[in-house]
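Student: I should like to test each term applied to this model against its cut-off. May we proceed case by case?

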Amino acid sequence: LSEKHLGKDHIDLADTVHSLAVVYGNAGDAKKMKELLERTVMIEEKHFGPNHIKVAQSLCHLGYAVCNLGDNARFEECTARALKIQESHYGEEHVETADTIVQMGSVHLLKGDKAKAKVLQAQGLQILEDHFGKGHSRTAQALGTLCATCCSLQDYVTGKDLADRAIAISEAKGGNEAQLAQFKQLQQVCEMMTKRGAAKKK
């Protein structure tokens, strides 16, 4: 099926356009990712309505794209709207809301509210761990995100524990190399700052 036969706004193209957007995002092209996801959201809203669960998923990814382009206000708008739809559809504390709660924590981190960011990211991580288990691959990114926030709060002991856990999961489950490298970098920062703090106390 193609745009030529269906038209650019046909619902049967939405999943394909969304998948293509993720490909561009993984390749580092946030601008193209944003354009394709805006189109996906438009198609899904037109077909399903503005509060459909598929719209929420697309909004989450759109939020990620606009965040990478520096549009923090729209990042918050997309993430908050997605979470509202998900909680209305699934209920609060449902596993399908967990990643969006973690993302909402990142919104608050960018706004300078590090404490609120930590609370939300810990909440999302807890939901994932309660559902999948502490060693599941789905928890690794949430661990890394919370670790980075702990570092921003200068809580390097907690940060190192989170980084250690993220690394162990990523290595055991064969996570992607870029993500693993990020976790190891966070671990090194936590180790270095913890040692520096201990040296100052002597």
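Student: Why is there no bond between the sulfur of C151 and the closest cysteine sulfur, in C190?

Tutor: A disulfide is a covalent bond between the sulfur atoms of two cysteines. Here it is assigned to a pair of cysteine sulfur atoms within 2.5 Å. The sulfur of C151 is 3.3 Å from that of C190, which is too far for a bond. Please note that this is a predicted model, in which local features need pLDDT of at least 70 and side-chain atom pairs count only at pLDDT 80 or more, while totals for chains, interfaces and linings use all residues. Residues are numbered from 1 along each chain as its sequence is written, and side-chain values use heavy atoms, with hydrogens and water left out.

Student: What makes C151 buried?

Tutor: A residue is buried under 20% relative accessible area, exposed over 50%, and partly exposed in between (1.4 Å probe, protein chains only). C151 has a value of 13%, so it is buried.

Student: What is the case for C60 and its closest cysteine sulfur?

Tutor: That sulfur belongs to C78 and is 9.0 Å away, so the pair is too far apart for a bond. C60 has 10% relative accessibility and therefore counts as buried. A search of the whole structure finds zero disulfides.

Student: How do you know that the length of α4 agrees with a helix of its 16 residues?

Tutor: Helices are DSSP runs (H or I, at least four residues; strands are E, at least two), numbered from the N terminus. The expected span is 1.5 Å times one less than the number of residues. For α4, residues 53-68, that gives 22 Å, and the end C-alpha atoms are 24 Å apart, which agrees.

Student: Which helices do the buried residues of α4 pack against?

Tutor: They pack against α2 (14-26), α3 (30-48), α5 (72-90) and α6, where contact means heavy atoms within 4.5 Å. The buried residues of α4 include I53, L59, C60, L62 and V66. Just after α4, G70 takes a positive phi of about 85 degrees.

Student: What makes the pair T100 and Q86 a polar contact?

Tutor: A polar contact is a pair of N or O atoms within 3.5 Å; within protein, one must be able to donate a hydrogen and the other to accept it, and residues adjacent in sequence count only if both atoms are side-chain atoms. The side chains of T100 and Q86 are joined at 2.7 Å. T100 is in helix α6, residues 98-110, and with a relative accessible area of 2% it is buried. Beyond four places in sequence, T100 touches C60, T79, A82, L83 and Q86.

Student: Which polar contact joins the side chain of Q103 to another side chain?

Tutor: The side chain of Q103 meets that of T79 at 3.0 Å. A polar atom of the Q103 side chain also lies 3.2 Å from the backbone oxygen of C60. Q103 is likewise in helix α6, and its relative accessible area of 16% makes it buried.

Student: Why is the pair R138 and D99 called a salt bridge?

Tutor: A salt bridge needs a side-chain nitrogen of Lys or Arg within 4 Å of a carboxyl oxygen of Asp or Glu. In R138 and D99 the N to O distance is 2.8 Å. R138 lies in the loop between α7 (114-132) and α8 (140-152) and D99 in helix α6, so the pair ties together parts 39 residues apart in sequence. R138 at 35% and D99 at 39% are partly exposed.

Student: How close are the N and O atoms of K160 and E191?

Tutor: The closest N and O atoms are 3.9 Å apart, and the pair forms a salt bridge. K160 lies in helix α9 (residues 156-173) and E191 in helix α10 (residues 177-201), so parts 31 residues apart in sequence are tied together. K160, at 26%, is partly exposed, and E191, at 28%, counts as partly exposed.

Student: What is the N to O distance in the salt bridge of E171 and K184?

Tutor: It is 3.6 Å. E171 lies in helix α9 and K184 in helix α10, so this pair ties together parts 13 residues apart in sequence. The structure holds 12 salt bridges.
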